[in-house]
Amino acid sequence: QPEEEGASVLKHAVFLQRLVRVFFGCLASVACGMLYAVYLSTYHDRKFWFSTRQELEREITFQGGSGVYYYYYKRLIAAPSFERGFYELVVDNRTVSGQTINAVERLSLYPELITSFIYRVTGSQDFVEPIYFYIGAVLGLQAVYVTALFVCSWVMSGTWVAGMLAVAWYVINRADTTKVDHGLPLRDNWALPYFSWQVTALTGFLRNKIGSSTEMFCYLTMSATTFTFLLVWEHSHYVLFIQGFCLFLLDSFDLVPPRKIADIHKVYLSSLFLAYMFQFQNTALLSSPLLSLLIGSVLASENCFQLGVGPLVARVMKLFLHFYLVFTSGITYSYLVKVNHMGAGHLDFILKFLEVKFGLNTTTDFVPNFLLCQESFQTPGQDLFLRLMQASVLPFYFLVLTVCLLSALQAIYRRLSGQPLCKTYSLENGGIGEHPEVVYHVFHTMLFGGLALMKYLWTPYVCMFTAFGVCSPDLWMTVFKWLKLKSIHPVVLSLILSTAVPTIIGFSLWREFSPRVLAELSELQEFYDADTVELMSWIKSQAPVAAVFAGSPQLLGAVKLCSGSAVTSLPVYSDIKLLKRTEDTYQVYAMRSAEDIYKLLTAQKTNYVIIEESICNELTLNKGCRIKDLLDISNGHIVYDKGEIYSFSKYGRFCHEIKMNYSPYTNYFTRVFWNRSYHVYKVNSVISFQY
């Protein structure tokens, strides 16, 4: 009887200890998220002097063409009812000249729909301005993002100290972890917080030591966030394809129970179906690589090409057959769908883009080269790794990745050799690579880094993964087991190091970087683009309401937001038709005749064309990515002489020649506005031949 009472007391004490740890961990994660949101809000106000600006000046702060998203939010708020506003967006003939578009589908406007709906039903218009509500929603999601990274690192390591370290590294490397400084309404800023929670839920779901109720909670969270992620970002299915491939590798090496993989496939398929319906039967989802991978995996599982039993060579052969069946069936399905639903031209463009991206071919076409010059598709430079090195992330990242990868390879070899994995996990075992969630994150970080995708998808998880590693006793125990340490008990030493190392890192980060972070809030910056304000004021006061403007997509986003005028193109890089219109508009920076430019602009029903000095006289080290260079290559105006590249044409560069104010340019165009940064020309409806 006394022994039973003692065991009961001990059990209650352990439960109480866990409860206290969970409470303080949750408190710390929420506090980190809230403090980060307050920090971003203060920084945003300091940078733009946002609270002291007029409405027009505030709207111009939405940079990089992101203002077009806020325009639709403002339009939904101004509509007499939410239903009417939604209908006007679905049948939108006031944005792109000569076209009626479904703006919700074309621009993935569900964040604006949901935010405007909440703004209406909560009666927020009585106490907060629409622009502050919108910004608050974006910054609130960034708090959710940080909280998810905290929880993910905490779940993997078992200590919320790892979460604190992950958040610290994330904030210190903010220039490389988030695009919130570049443009608040960008789709990435809305979507990636949901992806971070999806990854966190997936991490918990993959764990072996997990209760049924916790597993169900992770499953439901994963389902909701996967669907939301697909809904709010047009590129999300490519990101989920990489994730799905990581899970495919786990399944192929038999590191995860087939039941869990089947459940995850159900999440993917149901989310794709719902997103397909909500996005007005978006054919891009039907031909997505994620769906192709799922179909290939299902077919392979039906044919039972699993590891099974047998010698090592036979198992490896089965594995190769499994890979072959999955990829051939998936590629065949994707090809048939693209040809039947999207046309051969769209398929040719995708193939050409991928060939150029991975260095298998070159092209002179403007659109593929223009896309590859965007920051999202650029390979990160050395400065990124230098910044990560200075913040001490990179050295520890390589240490953690090396240990986890080698341990994972050991586990994979044992599975290929027919040996079962350890069923009872304890610190003494020292096999961190036998944890499915750890192996998943090894594949995750290697694939996202190796494919040179957006650094904003890779760097946050580098911070999280590294924080987990240095705070995990399992990682240190794995190292000591390899070293066969005998002088000091390895379990005790691993526990000491998993506490001491993050503590030392934390104090060094606090000493070196906290003054810099606080200085960003104390420094009074001023972002005020007087020339753009002057241009937008002129458009609102002088240009006709029905006028159509042509210019760069980034500027047209601001024009649409500030004036509501129709434009020839939009800053949307996932729509080939809009990209072709963008190429035609950009010809004003090429070496083309006045007549050619006039025909291109009138074909788009343009009334005014805006020429930007920053593009016309662009001076950058990366000359191959200047707009005028891309146009010269596409138009065949490049001459190679003794290893040097020159632009040559019988016509001068249009954006320079038109400023000379002589015929034939004055026959087709009339300058109506200019300042240091912009020149606005009216496209003459009647050509006057004056010499």
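**Figure 1. Burial across the predicted model.** Of the 691 residues in the protein, 52% are buried. The model is predicted. The exposed area of the protein comes to about 31,800 Å². Carbon and sulfur atoms supply 63% of that area.

**Figure 2. Helices, strands and overall dimensions.** The protein holds 32 helices and seven strands. Its C-alpha atoms fill a box of roughly 110 × 60 × 55 Å along the principal axes. The radius of gyration is 28 Å, which agrees with the value near 26 Å for a compact globule of 691 residues.

**Figure 3. Contacts along the chain.** Here the view turns to pairs of residues in contact. Take the contacts in the protein with a separation of 6 or more. Residues 24 or more positions apart account for 71% of them.

**Figure 4. Charged side chains.** The protein carries 54 positive side chains and 52 negative ones. The centres of the two sets lie 3 Å apart.

**Figure 5. Close-up of S472 in its loop.** S472 sits in the loop between α22 and α23. Helix α22 covers residues 455-471, and helix α23 covers 473-483. S472 counts as buried because its relative accessibility is 1%, and buried means under 20%.

**Figure 6. Close-up of the residues that S472 touches.** Leaving out residues up to four places away in sequence, S472 touches S157, I432 and S498. These contacts belong to the buried residue of the loop between α22 and α23.

How values were computed:
Residues are numbered from 1 along each chain as its sequence is written. This is a predicted model: local features need pLDDT of at least 70, side-chain atom pairs count only at pLDDT 80 or more; totals for chains, interfaces and linings use all residues. Side-chain values use heavy atoms; hydrogens and water are left out. Helices (H or I, at least four residues) and strands (E, at least two) are DSSP runs, numbered from the N terminus. The radius of gyration is taken over C-alpha atoms; the globule rule is 2.2 Å times the number of residues to the power 0.38. Buried means under 20% relative accessible area, exposed over 50%, partly exposed in between (1.4 Å probe, protein chains only). Contact means heavy atoms within 4.5 Å. Accessible areas come from the Shrake-Rupley method with a 1.4 Å probe; for residues, only the protein chains shown count as cover. Lys and Arg count as positive and Asp and Glu as negative; His and the chain ends are not counted. The place of a charge is taken as NZ of Lys, CZ of Arg, CG of Asp or CD of Glu.
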